[in-house]
Amino acid sequence: MLTTQKKEFIEFMMSADVLRFGEFKTKSGRLSPYFVNTGNYKTGAQIATLGKFYAALVKEICGDQFDAMFGPAYKGIPLATTTAASLARDFNLDKPYFFNRKEVKDHGEGGSLVGYQPKDGDTIIVIEDVITAGTAVRETMPILKGCGDVTVKDMFISVNRCEVGQVAGKTAIMEVKEEYGLDVHAIITVEDIYEYLKQQQYDSEILNRMQHYMNQYCVL
């Protein structure tokens, strides 16, 4: 169902040139009629607004029942940072955050994690941009499990593309749920985008290509 908040998020992404329509080749080689590039967020106002959308979803799903949030390098770093800031500012929920370096630092304080240092018994949530094939999740989980005896049950992303993963009939999100017991929560899904375009009477060619793409590659 396309709620007011989802509609606002789609319009926000479009205004920031993060959600675009046309013809784009994805990493999987598919020709997609839409593309999401969170690397296009580039202003203070944009990242602050993005944090509010993430924080609202975190609060709705988890409340205060977690100990820290993790942002995988690189795009997850500003996402976890702005989500933490919004949780504190807008929801009076002050939680620590941390992220990883791509390469382990061998001087100074050393190590591969920056910010909060997880400890046994912690419940960690993950803040990420999108999941396409689940590759980033498979890189992230060993990092978190290497921190100690921590629980990782929830991941938050901008868009669920609902696309088939490595196994026919299953999305990448379904696969990571089976592999890691990880529930992935998206602010919006590809169905929300399609419904929004229909309501706005968007370009009929894009609508037709969206429908075709969803029929061919998505599990809805």
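Begin by selecting helix H4 (residues 135-145) together with helix H5 (residues 172-180) in this predicted model; the two helices pack at an angle of about 25°, and their axes lie 10 Å apart. Since angles under 35 degrees count as roughly parallel, H4 and H5 are therefore roughly parallel to each other. The crossing of this pair is right-handed. To display the contact itself, show the side chains of Val137, Arg138 and Met141 on H4, and then those of Glu175, Val176, Glu179 and Tyr180 on H5. Sorted by class, the residues of this contact of H4 with H5 comprise four nonpolar and three charged ones, with no polar residue.

Next, turn to helix H6 (residues 190-199), which can be viewed against two partners in succession. Add helix H1 (residues 4-15) to the selection, and you will find that the axes of H1 and H6 come within 10 Å and cross at roughly 85°. That angle makes H1 roughly perpendicular to H6. On the H1 side, pick out Lys6, Lys7, Ile10, Glu11 and Met14, which meet Asp192, Ile193 and Tyr196 of H6. The contact of H1 with H6 holds four nonpolar and four charged residues, and no polar ones.

Keep H6 on screen and replace H1 by helix H7 (residues 204-217), which packs with H6 at an angle of about 155°, the axes being 10 Å apart. Angles over 145 degrees count as roughly antiparallel, so H6 is roughly antiparallel to H7. Here the crossing is left-handed. From H6, the contact draws on Val190, Glu191, Ile193, Tyr194, Leu197 and Lys198, while H7 supplies Ile206, Leu207, Met210, Gln211 and Met214. These residues divide into eight nonpolar, one polar and two charged. Ile193 is worth highlighting in both views, as this residue of H6 takes part in the contact with H1 and also in the contact with H7.

Now leave the helices and select strand S1 (residues 19-25) with strand S2 (residues 31-36), which run antiparallel and are joined by five bridges. Two positions help to follow the register: Arg20 stands opposite Phe35 of S2, and Phe24 has Ser32, also in S2, as its bridge partner. Moving into the hairpin that connects these strands, where five residues lie between S1 and S2, centre on Gly29, whose phi is positive and near 90°.

Two backbone features come next, and a general expectation gives them context: most residues other than glycine have a negative phi, and most peptide bonds are trans. Select Ala73 and Tyr74, which are joined by a cis peptide bond with omega of about 5°; Tyr74 belongs to the loop between strand S3 (68-71) and helix H3 (76-91). Then go to Asn92, in the loop between H3 and S4, where phi is near 55°, a positive value in a residue other than glycine.

For the last stop, show the aromatic side chains, among which the structure holds nine aromatic pairs. One of them is formed by Phe98 and Tyr116, a tilted pair at 6.2 Å centre to centre with 55° between the planes. Tracing the chain from one ring to the other shows that the pair links distant parts of the chain, with the two residues 18 residues apart. Phe98 sits in strand S4 (residues 97-105), whereas Tyr116 lies in the loop between strand S5 (111-115) and strand S6 (123-127).

Notes: Residues are numbered from 1 along each chain as its sequence is written. This is a predicted model: local features need pLDDT of at least 70, side-chain atom pairs count only at pLDDT 80 or more; totals for chains, interfaces and linings use all residues. Side-chain values use heavy atoms; hydrogens and water are left out. Two strands pair if DSSP finds at least two bridges between them. Helices (H or I, at least four residues) and strands (E, at least two) are DSSP runs, numbered from the N terminus. Axes are lines fitted to C-alpha atoms, for helices over the stretch in contact, and angles run from 0 to 180 degrees between N-to-C directions. Angles under 35 degrees count as roughly parallel, over 145 as roughly antiparallel, 65 to 115 as roughly perpendicular and the rest as oblique. A crossing is left-handed if the near helix is turned anticlockwise from the far one by less than a right angle, and right-handed if clockwise. Contact means heavy atoms within 4.5 Å. Ala, Val, Leu, Ile, Met, Phe, Trp, Tyr, Cys and Pro count as nonpolar, Asp, Glu, Lys and Arg as charged, and the others, Gly among them, as polar. Rings of Phe, Tyr and Trp (its six-membered ring) pair if their centres lie within 6.5 Å; planes under 30 degrees apart count as stacked, over 60 as edge-to-face and the rest as tilted.
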